[in-house]
Amino acid sequence: MEERKKEELAQLYALRAGLSAVASENDETQKIKNTAETAIADCEKRQEANTAARQQLSDKLNDLQKSYTNTRETLSAGKQSKGTLAKKVTVRFTLALLVLAAVVVALFFLIRYFVHDITTEGGGFFAWVFFILITGAVGIGGLVLVIFIIKWGVEAIQDARRDYFLTNSSYDHAQNAVLQLPQQISEIQSQIAACNKKAYEITAQIKQQHADRETALAPHYATGSAVYTALQQQYGTLLDERDWGDVDLVIFAYETGRADTVKEALAFVDGERRTNRIVNAISEATTRLNATIETGFRGLAVNMVKCFKAISDQINENAKAQFAQNQAILQQNQAMLARVDYANALQAQRNVSSQKLAEENQVFLSQARAYMDQATVQMRNNGGRI
């Protein structure tokens, strides 16, 4: 009776160790995901910054190209304006000279006419008075007209010079800009090309981060799933899978003499739950289990080793049945078995209640199934290659 109880207790600890091993694989997958998410988030931030920089450069390039077009139009208009200014000055001076010449000619013929008329006709005093008045009026009018013409001509020259220099300055500025803008545009285009290259590199990095994450997750999902399946086959008859969350309390009932069989231990658990003492019972059970693990299991050590080997053998048998025709996968399975340390997993998860372990195991299995379904679809789409 006592020997059977020790064997069953060792099996219960092995079950607890197996659940701990699956939980450890779950912890590793969370670490991998967190690391990958951090790296991917960093890449995405750099991608956003690169996109913003590229947009700024594109806006600047558009402005420069518009400026280049406008500058060339300014040059074209400047050439026309220079010719127009030259014509404007020429026309004004020509008009001024023509008006001045007309006045001189008019005075000449007027004076000649009156002088000839007076000297030949002998008009006398009134003729000379009339001659002086007419000549004076014409002379004063002509002088005023000459002054006006001179002023108009000077203003025309000043306006022309001002317009010429303003246009000439704009023209010179435009000439310099036309020489400089293509280089600036070329530099911006080079910077945009660099941004595009960087965007491609960051996209490749993100894709690689996703691929590396999936590659790193694969062995942990495979190991945890294999261990859990072996636990179902090894200990499903000893303790129903639905009661695995209570394995700490079952162990506690065994170790404290409250039960000699699993059935009695489960009755104890049900009693604690009915009387609402389950929370305290779980806490006490976990504390006692901690103490037992710290002491090295004492008399359970030999049976524990047998139980751990039984789990590994079961995993190996499952792999042989599933992958009998694929030696590469069988070898991977052997490597997977070699790295599972149930004793260390039990030690690492000793402060976690079996209830919590069972919950984590179910979450892990759900994620593992989703991962493997995705991998199967991907392999099918890639013609058999992952």
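With which residue does Lys309 form a salt bridge? In this predicted model, the partner is Asp313, and the closest N and O atoms of the two residues are 2.8 Å apart. Both residues belong to helix H6, which spans residues 301-322, and their four-residue spacing corresponds to about one turn of the helix. Asp313 is partly exposed, at 36% relative accessibility.

It helps to set this pair against the chain as a whole. The protein chain contains nine helices and zero strands, giving the pattern α-α-α-α-α-α-α-α-α when read along the sequence. Of its 386 residues, 35% count as buried. The exposed surface comes to about 23100 Å², with carbon and sulfur atoms supplying 57% of that area. Among contacts between residues at least 6 apart in sequence, 84% join residues at least 24 apart.

Salt bridges are a handy way to look at how parts of the chain meet. The whole structure holds eight of them, including one between Asp260 and Lys5, whose closest N and O atoms lie 3.0 Å apart. This pair links distant parts of the chain, with the two positions 255 residues apart in sequence: Lys5 sits in helix H1, whereas Asp260 sits in the loop between helix H3 (247-255) and helix H4 (262-274). The two partners fall into separate accessibility classes. Lys5 counts as buried, at 14% relative accessibility, while Asp260 is partly exposed, with a relative accessible area of 30%. Another salt bridge joins Glu214 to Arg213, again with the closest N and O atoms 3.0 Å apart. Glu214 counts as partly exposed, at 23% relative accessibility.

Arg213 also appears in the surroundings of Lys33, a residue of helix H1, which covers residues 2-121. Lys33 is buried yet has no salt bridge. The nearest side chain of opposite charge belongs to Glu37, 7.0 Å away; since a salt bridge requires the nitrogen and oxygen atoms to be within 4 Å, this pair does not qualify. What the Lys33 side chain does have is a polar contact with the side chain of Tyr221, at 3.1 Å. Leaving aside residues up to four places away in sequence, Lys33 touches Arg213, Leu217, Tyr221 and Gln367.

Finally, a word on the cysteines. Cys43 is buried, with a relative accessible area of 3%, and Cys195 is buried as well, at 10%. The count of disulfides in the model is zero.

Key: Residues are numbered from 1 along each chain as its sequence is written. This is a predicted model: local features need pLDDT of at least 70, side-chain atom pairs count only at pLDDT 80 or more; totals for chains, interfaces and linings use all residues. Side-chain values use heavy atoms; hydrogens and water are left out. A disulfide is a pair of cysteine sulfur atoms within 2.5 Å. Buried means under 20% relative accessible area, exposed over 50%, partly exposed in between (1.4 Å probe, protein chains only). Contact means heavy atoms within 4.5 Å. Accessible areas come from the Shrake-Rupley method with a 1.4 Å probe; for residues, only the protein chains shown count as cover. Lys and Arg count as positive and Asp and Glu as negative; His and the chain ends are not counted. A polar contact is a pair of N or O atoms within 3.5 Å; within protein, one must be able to donate a hydrogen and the other to accept it, and residues adjacent in sequence count only if both atoms are side-chain atoms.
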